[in-house]
Amino acid sequence: PLSDLLSVGGPPARLEAAVEALGALGDVRGVDALELYAGNRSADLRRRSVKSLGAIKDDRVVPALLTALGDGAPDVRAAAADALAARKEKKAAPRLLALVKRNDAGAAPALGSLATPELVPALAELQGSVDDNVVASALGEYLKRDDVPDNLRVEVVRTIGRLSGASATTALVEYLASVPAKDDRASKKEAQKLVDEKGTVK
């Protein structure tokens, strides 16, 4: 079995293939081996292990994914963030916010996917202390969610409008693209107005 192969080790290419195969299988029996390799000295192997853990539909993988948010490699942290967002793991949001406060761009989209309404003001307050592109990325993801009331969306749109950089415009354009053509919600009108003011993405 693949987990046996991982327990004895081997050439990096073979280990990477085994780690990815365990994720593709989604077999809970691979969790222990994947958790072990999520702590490997190779950042690429750690990233692949974290991605594979994220593919396993079992709550036993959540602690390892949360731990991986503290990894030294940005790609590993981003893989963990994406996996936690895909699982809608709300308890990851405070850790993701801490990463975004440290300008971690890989955590921003996941934070936007998971943030509660209470976290949005804290995110908006980061303007000026964190790269505007990171803040825009998080808020842009938040905008596209179905569970956000439109009055809050309007406030988020206005916050994005105050950010500089291409990511702010991109966030607004992507939001507009996600709204059905016949939907004339207030946040859509506000976003369109701001996009017109900012100009299109170059």
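The following questions and answers deal with a predicted model of one protein chain.

Student: How many helices and how many strands does the secondary structure of the protein chain come to?
Tutor: The model is predicted, and its elements can be read from the N terminus on. Each element in that run is an α element. The count comes to zero strands and 13 helices.

Student: What percentage of the residues of the protein chain count as buried?
Tutor: A residue counts as buried when its relative accessible area is under 20%. The protein chain has 202 residues, and its C-alpha atoms fill a box of roughly 60 × 35 × 30 Å along the principal axes. Of these residues, the buried portion is 46%.

Student: Which residues have the most contacts inside the largest nonpolar core?
Tutor: The largest nonpolar core has 65 residues. L111 touches A93, L96, L97, V100, L119 and L123, leaving out residues up to four places away in sequence. The residues with the most contacts inside the core are L96 and L111.

Student: Are α2 and α4 roughly parallel or roughly antiparallel to each other?
Tutor: Two packed helices are described by the angle between their axes and the distance between the axes. Helix α2 covers residues 12-25 and helix α4 covers residues 43-55; their axes are 7 Å apart, at an angle of about 15 degrees. Angles under 35 degrees count as roughly parallel. Therefore α2 and α4 are, to each other, roughly parallel.

Student: How many charged residues does the contact of α2 with α4 have?
Tutor: On the α2 side the contact is made by L15, E16, V19, E20 and G23, and on the α4 side by D44, L45, R48, S49, S52 and A55. By class, four of these residues are nonpolar and three are polar. The number of charged residues is four.

Student: Is E16 buried or exposed?
Tutor: E16 lies in helix α2. Apart from neighbours within four places in sequence, E16 is in contact with D44, L45 and R48. The relative accessible area of E16 is 19%, and the cut-off for buried is under 20%, so E16 is buried.

Student: What is the relative accessibility of S49?
Tutor: S49 is found in helix α4. With residues up to four places away in sequence not counted, S49 touches V19, L34, Y37 and A38. S49 counts as buried, at a relative accessibility of 0%.

Student: Are α10 and α12 roughly parallel or roughly antiparallel to each other?
Tutor: The axes of α10 and α12 come within 8 Å and cross at roughly 10 degrees. The contact is made by N133, A136, G140 and L143 of α10 and A166, S167, A168, A171 and Y175 of α12. By class, six of the contact residues are nonpolar, three are polar and none is charged. The angle of the crossing falls under 35 degrees, and α10 and α12 are therefore roughly parallel.

Student: Which residues does E141 contact, leaving aside its neighbours within four places in sequence?
Tutor: E141 has its place in helix α10, residues 132-143. E141 is partly exposed, with a relative accessible area of 25%. Its contacts, those neighbours aside, are P109, G112 and S113.

Student: Why are α12 and α13 oblique to each other?
Tutor: Helix α12, residues 166-178, and helix α13, residues 186-198, pack with their axes 9 Å apart. Roughly perpendicular angles run from 65 to 115 degrees, and roughly antiparallel ones are over 145. The angle between α12 and α13 is about 140 degrees, so the pair is oblique.

Student: How many nonpolar residues are in the contact of α12 with α13?
Tutor: The contact is made by A168, T169, L172, V173, Y175 and L176 of α12 and S187, K188, A191, Q192, L194, V195 and K198 of α13. Three of these residues are polar and two are charged. The number of nonpolar residues is eight.

Student: What is the phi of K88?
Tutor: Most residues other than glycine have a negative phi. K88 lies in the loop between α6 and α7 and counts as exposed, at 63% relative accessibility. K88 is not a glycine, yet its phi is positive, at about 55 degrees.

Technical notes
Residues are numbered from 1 along each chain as its sequence is written. This is a predicted model: local features need pLDDT of at least 70, side-chain atom pairs count only at pLDDT 80 or more; totals for chains, interfaces and linings use all residues. Side-chain values use heavy atoms; hydrogens and water are left out. Axes are lines fitted to C-alpha atoms, for helices over the stretch in contact, and angles run from 0 to 180 degrees between N-to-C directions. Helices (H or I, at least four residues) and strands (E, at least two) are DSSP runs, numbered from the N terminus. Contact means heavy atoms within 4.5 Å. Ala, Val, Leu, Ile, Met, Phe, Trp, Tyr, Cys and Pro count as nonpolar, Asp, Glu, Lys and Arg as charged, and the others, Gly among them, as polar. Buried means under 20% relative accessible area, exposed over 50%, partly exposed in between (1.4 Å probe, protein chains only). A nonpolar core is a set of buried Ala, Val, Leu, Ile, Met, Phe, Trp, Tyr and Cys residues joined through side-chain atoms within 4.5 Å.
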